[in-house]
Amino acid sequence: MANREELIPIIERHGITDYCFIDPSKDIVTGQWVRFHCMFGCPNYGTYATCPTALPSLEVCRELFSEYSLGILIHTTMPYVDKESSRAATLALTKQQLALEREIFLNDYRKVLLLGGSTCKLCAKCTADGKREDCVNKAQSRPSLEAMGIDVYQTARNFGFPIRVLKDYSEDMNRYSILLIE
Ligand code: SF4
């Protein structure tokens, strides 16, 4: 059973302050519509090794969430300047959260798994062509919340976090990640 009091100093040591604890088995809202937005609307559909079609069905994702009693929902606000600085900021965020995942794992939480706040940015361009086995960094690449069929809007709103459809690039992005812990 995960111990929140033990986790708080670890989380904050990694510079993460805007977060809350959730129960993944109950609090993660999923929807088939999320998968359909990947299929019809995302230009990257079927190309990344961390996105559909490289991921299991929504039913399997739901089953995975049901195996965890604790999660950390992390919120980050990110301004959009240009494509390259957005990629660099997302990469830095991913590395920070992977370091947290590792430290939690080393504290004997063997099931910990990070779901990232964005499509994988570990490579400048994903060359996996939608095949998990062709990922060049299998140890560190992680799926995003939306790739796992999570309704990020509803999940975040249920905990009072801000999120809405952005009208243009002048508006700050609200990014969400989840660490599944057990
Ligand atoms: S690590 Fe590289 S190859 Fe693997 S999913 Fe990420 S971008 Fe694609």
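The following legends describe close-up views of a predicted model.

**View 1. The whole chain has six helices and four strands.** Read from the N terminus, the elements follow the order α-β-α-α-α-β-α-β-α-β. The C-alpha trace spans about 40 × 35 × 30 Å along its principal axes. The radius of gyration is 16 Å, and a compact globule of 182 residues would have one near 16 Å, so the two values agree. Of the 182 residues, 34% are buried. When contacts between residues at least 6 apart in sequence are considered, 80% of them join residues at least 24 apart.

**View 2. The ligand is surrounded by 13 residues.** The closest of these are Cys120, Cys123, Cys126, Cys135 and Asn137. By type, the shell holds nine nonpolar and four polar residues, and no charged ones.

**View 3. The largest nonpolar core contains 39 residues.** Leu179 and Ile181 have the most contacts inside this core. Two or more core residues come from each of the strands E1 (19-22), E2 (70-78), E3 (113-115) and E4 (173-181), and from each of the helices H4 (58-66), H5 (83-106) and H6 (152-157). Strand E4 gives the largest share, five residues.

**View 4. Ile181 is one of the two residues with the most contacts inside the largest nonpolar core.** Leaving aside residues up to four places away in sequence, Ile181 touches Ala2, Tyr68, Leu70, Gly71, Ile72, Ile104, Tyr109 and Val112.

**View 5. Helix H5 has 24 residues.** At 1.5 Å a residue this helix should span 34 Å, and its end C-alpha atoms are 35 Å apart, so the expected and computed lengths agree. The buried residues of H5 are Thr90, Leu93, Thr94, Gln97, Leu100, Glu101 and Ile104. Helix H1 (4-13) and strands E2, E3 and E4 are included in what covers these buried residues.

**View 6. Thr155 is part of helix H6.** This residue is buried because 21 other C-beta atoms lie within 10 Å. Apart from residues up to four places away in sequence, Thr155 touches Asp27, Ile28, Val29 and Ile150. Pro79 is 76 residues from Thr155 along the chain, and their C-alpha atoms are separated by 22 Å.

**View 7. Pro52 and Thr53 are joined by a cis peptide bond.** Omega for this bond is about 15 degrees. Thr53 is placed in the loop between helix H3 (32-39) and H4. Most peptide bonds are trans.

**View 8. Asp108 has a positive phi.** The angle is near 80 degrees, and the residue is other than glycine. Asp108 comes just after H5, in the loop between H5 and E3. With 8 other C-beta atoms within 10 Å, Asp108 is therefore exposed. Most residues other than glycine have a negative phi.

**View 9. Asp129 also has a positive phi without being a glycine.** Its phi is about 50 degrees. Asp129 lies in the loop between E3 and H6. Asp129 counts as exposed because it has 11 C-beta neighbours inside 10 Å.

Note on methods
Residues numbered from 1 in each chain as written. Predicted model: local features only at pLDDT ≥ 70, side-chain atom pairs only at ≥ 80, totals over all residues. Near = placed C-beta within 6 Å. Nonpolar A, V, L, I, M, F, W, Y, C, P; charged D, E, K, R; others polar. Rg over C-alpha atoms; globule rule 2.2 N^0.38 Å. Buried ≥ 20, exposed ≤ 12 C-beta atoms within 10 Å, placed from the backbone. Contact = placed C-beta atoms within 7 Å. Core = buried A, V, L, I, M, F, W, Y, C linked by C-beta atoms within 7 Å. Expected span 1.5 Å × (residues − 1).
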